[in-house]
Amino acid sequence: MTTSDNTEASGHDLPDRTEVLIIGGGIVGCSVAYHLTRRGITDVTIIEQGALTGGSTWHAAGLVSQLKASYSLTKLATYSARLFEELEDETGQATGYRTAGSISVAADDERWEEILRGASMATTFGVETEVIDLDRATEMWPLLNTDDLVGALYIPHDGQTSPVDTTVALAKGAKARGARIIEGVAVERLLTANGKVTGVETEKGRIEAETVVLASGIWTRHLAATIGVNVPLQACEHFYIVTEPLEGIVTGMPTLRDPSSYTYFKEETGKIMAGFFEPRGKVWKLDGIPRDFSFGTLPEDWAHVGPIFERAIHRVPALGDCGLQLFFNGPEAFTPDGVYYLGMAPEVDGCFVAAGFNSVGLQSAGGVGWVLADWIADRHPPMDLSAVDIRRAFPFQGKPEYLEERIPESLGLLYAMHWPFRQYESARDQRISPIHDRIQAAGAAFGEVAGWERPNWFALDGQEPVYEYSYGKQNWFEASGIECDAVRNKVGFFDQTCFVKFRVEGPDALAALNEICANNIDVPLGKAVYTQWCNDRGGIEADLTVTRIAENEFFVVTAAVSGTRDGAWLRRGCRDHSVTITDVTAEQAMFGVMGPNSRALLSELTSADLNNEEFPFGTAQRIEVAGHDVLGMRMSYVGELGWELYLPWAEASSLYDAIFEVGDAHGLRHAGYHAMNTLRLESGYRHWGHDITDEDTPLEAGLGFAVAWDKPSFRGREALLADRELPRTKRLIQFRLEDRDRLLYHDDPIYRDGELVGRTSSGMWSYVEDRCLAMGYLNHPDGVTKDWIDAGEFEIEVATERIPATASIRSFYDPKNERVRL
């Protein structure tokens, strides 16, 4: 296999410099080059250690499916399908693309609900789907055994393409616009200076570059580590078989997916390709991938694949009697959460990552090339890409021992049930709170976020703290309701130690932070400020609190999952200032004591005056609580009177014991993060990454009150001021689903008078309303106003069924936000 006709230079003709250097000549790297040159950036070089497609691209199955787990992933995949369909006409290079469609089948009611929820989500992207009966499924796929199936979904515009030919077409298009392609030269290490990438050292010499893109597949983790960039991915073995020609196969049959059998089936010139995503994968070469592993394959392993192949035979019985032409085993890169990495590395400016594609690199490559090229050209992404952003990764995830344990589970989750609230089972206990043992003894059922073990709910007497998953009300429903009731009517205790905490200090701390923050933090000492960090377009990059501790010292608190992202934004915003930034998360425990009885409870432990006059909402003070010097902050994410308590790690257990010693008299209960999610949604509090992202502005999200409009300068100010004068054509609204049994999660279509006008961003059951609540953005060209909302009838589609819903601009609980100021 060769692509030498698409190369400009051999390994002996390296350029001294290039504007953009792309490491890796697979379909992703070639797509990035193709799209960069379309943007007018033509000084682009692809450097490939072997030949184009020689890593994982050449052995891809060639499937181009559109429907993914989230809005952004689906948008990129649908773009890929359109691009691949048109690429041959532009470049003259045949790609083998055809629109074969796909069929997904379900062998039980739970899987069928998952598929139907996906079909509803697809309507928000314009992806056409059709529920078909099993007779039609058999007509389209004659070898299909339907005896135990309960449903089938057809996606007519899913495609198939030749991985190698499509890559060559992208390379040809990039080269025609000025890109150069170098094969047979390996990059040995990356180069940096003053926190910015400057080029690479290859085995043939040095190349300077303003921007470097790591599209180097299974080699990326080790290559990125040469400059301290963390890309937690790992090669896993991926298996498929190809049969001898079979009778009954119809040329052009749709791709068939049977996730319950962990198998996909593809017609290939009268034969069947069957590929497997077994429940636990096999890690390959944890310590690094050989330099010369090009177009490489791995040994057969029937002991590993055999049980899955038996399930495939059940679905397609003809497999049991046919000959096999090929048993293929090749490595692909997988990530700890099963989602690929894109974007500029948080550690080094100008170093971009496009890697870890979890067997969906081909079908994602077109969209990835588009958004990464725009990201490089404009220095910001063209849409919300938080789900794939490399800034979601954490240092512990790059440790080999972690990857060895987690990645096999990650591969298996591709075709496992994607249950709401599903928790990982492997590589747990990476980060634990100082009171972990105590809350475990109290019956905590833990979930994992950013490596932290967090109590999601607390088991009732006689109940095991173990999840029983479903798409309905799960086994923790009653327990979480009792926790919510305690917070609403008495007092609840939250362990919030996982929240990320930064100390920002120095002579320029105020100036630097006030430029980053949309709200004004030039406030009296002890004032806690709720604020967003916005980008130049007014989009919300972070949602957090900043407390002024001293004249030149501030305390920043943000969500656990946002630690890497917000830390990088903070450091980049402060780098031209005399500022010291310290992550004190591992030094400071954080407790939330929340509810109308919180003042009375804490008053038994402190001599400080906690009334509104001496300790008003939105302020922080150093107080003594049960003999401990504590930073008490009167803030709330649950919509009730309460205090956040910050204290040294070593003192956390003692304070916890003191709080619970006096707690019974006040109705104190432990409360978990499922309860917190319910409580914040009832109160209308936004969740970054769901309800607000970097493409949503404070005005659209109903957070204009947290913008200091009279502040002369802050990032995003000009865009927000311009937007302020325009109608709110996009607006975040609260919803109540008028069905006491159905639950909402995210990306559910919202209809007004039968017209699709938006999608949900988050949802959770409300025990106050006895129905599910959600938030979601509505769109209307003339403005999403109260009159327009009141004049319409709303429905939300759940698993293809439209259910009446009530819309409200204000929260359903405490719409004036008075209870936090009791």
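**Arg736, the barrel and the cysteines**

Visitor: The side chains of Arg736 and Glu769 are joined by a polar contact of 3.0 Å; what makes this a polar contact?

Guide: A polar contact is a pair of N or O atoms within 3.5 Å; within protein, one must be able to donate a hydrogen and the other to accept it, and residues adjacent in sequence count only if both atoms are side-chain atoms. At 3.0 Å, the Arg736 and Glu769 pair falls within that limit. Arg736 also has a side-chain polar contact of 2.8 Å with Glu738. The model is predicted, so local features need pLDDT of at least 70 and side-chain atom pairs count only at pLDDT 80 or more, while totals for chains, interfaces and linings use all residues. Residues are numbered from 1 along each chain as its sequence is written, and side-chain values use heavy atoms, with hydrogens and water left out.

Visitor: Why is Arg736 called buried, exposed or partly exposed?

Guide: Buried means under 20% relative accessible area, exposed over 50%, and partly exposed in between (1.4 Å probe, protein chains only). Arg736 has 16% relative accessibility, so it counts as buried. Beyond four places in sequence, its contacts (heavy atoms within 4.5 Å) include Arg771, Cys772, Pro804 and Phe812.

Visitor: Which strand holds Arg736, and what makes that stretch a strand?

Guide: Arg736 lies in β33, residues 730-737. Strands (E, at least two residues) and helices (H or I, at least four) are DSSP runs, numbered from the N terminus.

Visitor: How do you know that β33 and β38 are paired?

Guide: Two strands pair if DSSP finds at least two bridges between them. Four bridges join β33 to β38 (residues 801-808), so the condition is met, and the two strands run antiparallel. Phe735, for one, has Ala807 of β38 as its bridge partner.

Visitor: What do β33 and β38 belong to?

Guide: They are part of a closed barrel of six strands in the order β33-β36-β35-β34-β37-β38, with antiparallel pairing. Neighbouring strands in this sheet are turned by 40° against each other on average, direction ignored. Helix α16 (residues 673-682) lies across β33, β35 (755-766) and β36 (771-779), at about 130° to β35. Axes are lines fitted to C-alpha atoms, for helices over the stretch in contact, and angles run from 0 to 180 degrees between N-to-C directions.

Visitor: How many disulfides are found in the whole structure?

Guide: The search finds zero. Cys30 is in none, and the nearest cysteine sulfur, that of Cys351, is 19 Å away. A disulfide needs two cysteine sulfur atoms within 2.5 Å. For Cys498 the closest cysteine sulfur, in Cys484, is 17 Å away, and therefore too far for a bond.

Visitor: Are Cys30 and Cys498 buried or exposed?

Guide: Cys30 has a relative accessible area of 0%, so it is buried. Cys498, at 4%, counts as buried too.

Visitor: What makes a set of residues a nonpolar core?

Guide: It is a set of buried Ala, Val, Leu, Ile, Met, Phe, Trp, Tyr and Cys residues joined through side-chain atoms within 4.5 Å. The largest one here has 75 residues, with Phe276 and Trp141 among those with the most contacts inside it. A second, separate core of 49 residues includes Cys30 and Val28.

Visitor: What is notable about the phi of Ala799?

Guide: Phi of Ala799 is near 55°, a positive value in a residue other than glycine. Most residues other than glycine have a negative phi. Ala799 sits in the loop between β37 (794-798) and β38, and at 11% relative accessibility it counts as buried. Ala626 also has a phi near 55°, but with a relative accessible area of 30% Ala626 is partly exposed.
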